[in-house]
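Me: I've got a model open and I'd like to learn how to read its packing. Can you walk me through it?

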Amino acid sequence: ASNAKLVFFFAPWCGHCAKFSPVFEEYASSRRADAQFVDEIGVDFFMVDATSPESEMLASTYDVVSFPTLLYFPASTATAVSPP
């Protein structure tokens, strides 16, 4: 079974994204380093520049139209759940 995923969609020109990016990166890094978290919770973290040509289709698939956007994908599914 694959891990759950938390995906941070951002735009380089977005001021809120610029403020949140280091927080997300630090949290993701600390969680990756926590073996108990990885083993018990099993969440992978991703940052996606939704404005890049490589990622525009992905952002469009999940109706990402504003920034920042966080989407949570439960384990073994491609169906996103928006955090409250």
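Reply: Sure. Let's begin with the idea of a nonpolar core: a set of buried Ala, Val, Leu, Ile, Met, Phe, Trp, Tyr and Cys residues joined through side-chain atoms within 4.5 Å. Keep in mind that this is a predicted model.

Me: Which residues make up the largest nonpolar core here?

Reply: There are 12 residues in it: Ala-4, Leu-6, Phe-8, Phe-10, Ala-11, Cys-14, Cys-17, Phe-24, Ala-28, Phe-37, Val-43 and Phe-45. At least two of them come from each of β1 (4-10), α1 (15-32) and β2 (43-49). The top contributor is β1, which gives 4 residues.

Me: And what does Leu-6 touch, leaving out residues up to four places away in sequence?

Reply: Leu-6 touches Phe-24, Val-43, Asp-44, Phe-45, Phe-46, Leu-70, Leu-71 and Tyr-72. Apart from the largest core there's another one, of 8 residues, with Ala-50, Ala-59, Val-64 and Leu-71 among them.

Me: I spotted cysteines in that first list. Are Cys-14 and Cys-17 buried or exposed?

Reply: Buried means under 20% relative accessible area. Cys-14 comes in at 6%, so it counts as buried, and Cys-17 is buried too, at 1%.

Me: How many disulfides does the model have?

Reply: The test is a pair of cysteine sulfur atoms within 2.5 Å. By that rule, the count is 0 disulfides.

Me: On to the rings. How many aromatic pairs are there?

Reply: Rings pair up if their centres lie within 6.5 Å, and the angle between planes then sorts them. This structure holds 8 aromatic pairs. Take Phe-8 and Phe-10: their ring centres are 5.7 Å apart and their planes sit at 35°, so this pair is tilted. Both Phe-8 and Phe-10 are buried.

Me: What about Trp-13 and Phe-67? How is that aromatic pair arranged?

Reply: Trp-13 and Phe-67 are edge-to-face, with 5.7 Å centre to centre and 90° between the planes. Trp-13 belongs to the loop between β1 and α1, and Phe-67 to the loop between α3 (56-61) and β3 (69-73), so the pair ties together parts 54 residues apart in sequence.

Me: Where do those two fall on the buried-to-exposed scale?

Reply: Exposed means over 50% relative accessible area, and partly exposed is the range in between. Trp-13 has 64%, so it's exposed, whereas Phe-67 has 21% and is partly exposed.

Me: Last one: which residues form the aromatic cluster?

Reply: Phe-8, Phe-10, Phe-20, Phe-24, Tyr-27 and Phe-45 form one cluster. Look back at the largest core and you'll find Phe-8, Phe-10, Phe-24 and Phe-45 listed there as well.

Conventions: Residues numbered from 1 in each chain as written. Predicted model: local features only at pLDDT ≥ 70, side-chain atom pairs only at ≥ 80, totals over all residues. Heavy atoms only, no water. Buried < 20%, exposed > 50% of the residue type's maximum accessible area, 1.4 Å probe, protein only. Helix = DSSP H or I, 4+ residues; strand = E, 2+ residues; numbered from the N terminus. Contact = heavy atoms within 4.5 Å. Phe/Tyr/Trp six-rings, centres within 6.5 Å; stacked < 30°, edge-to-face > 60°.
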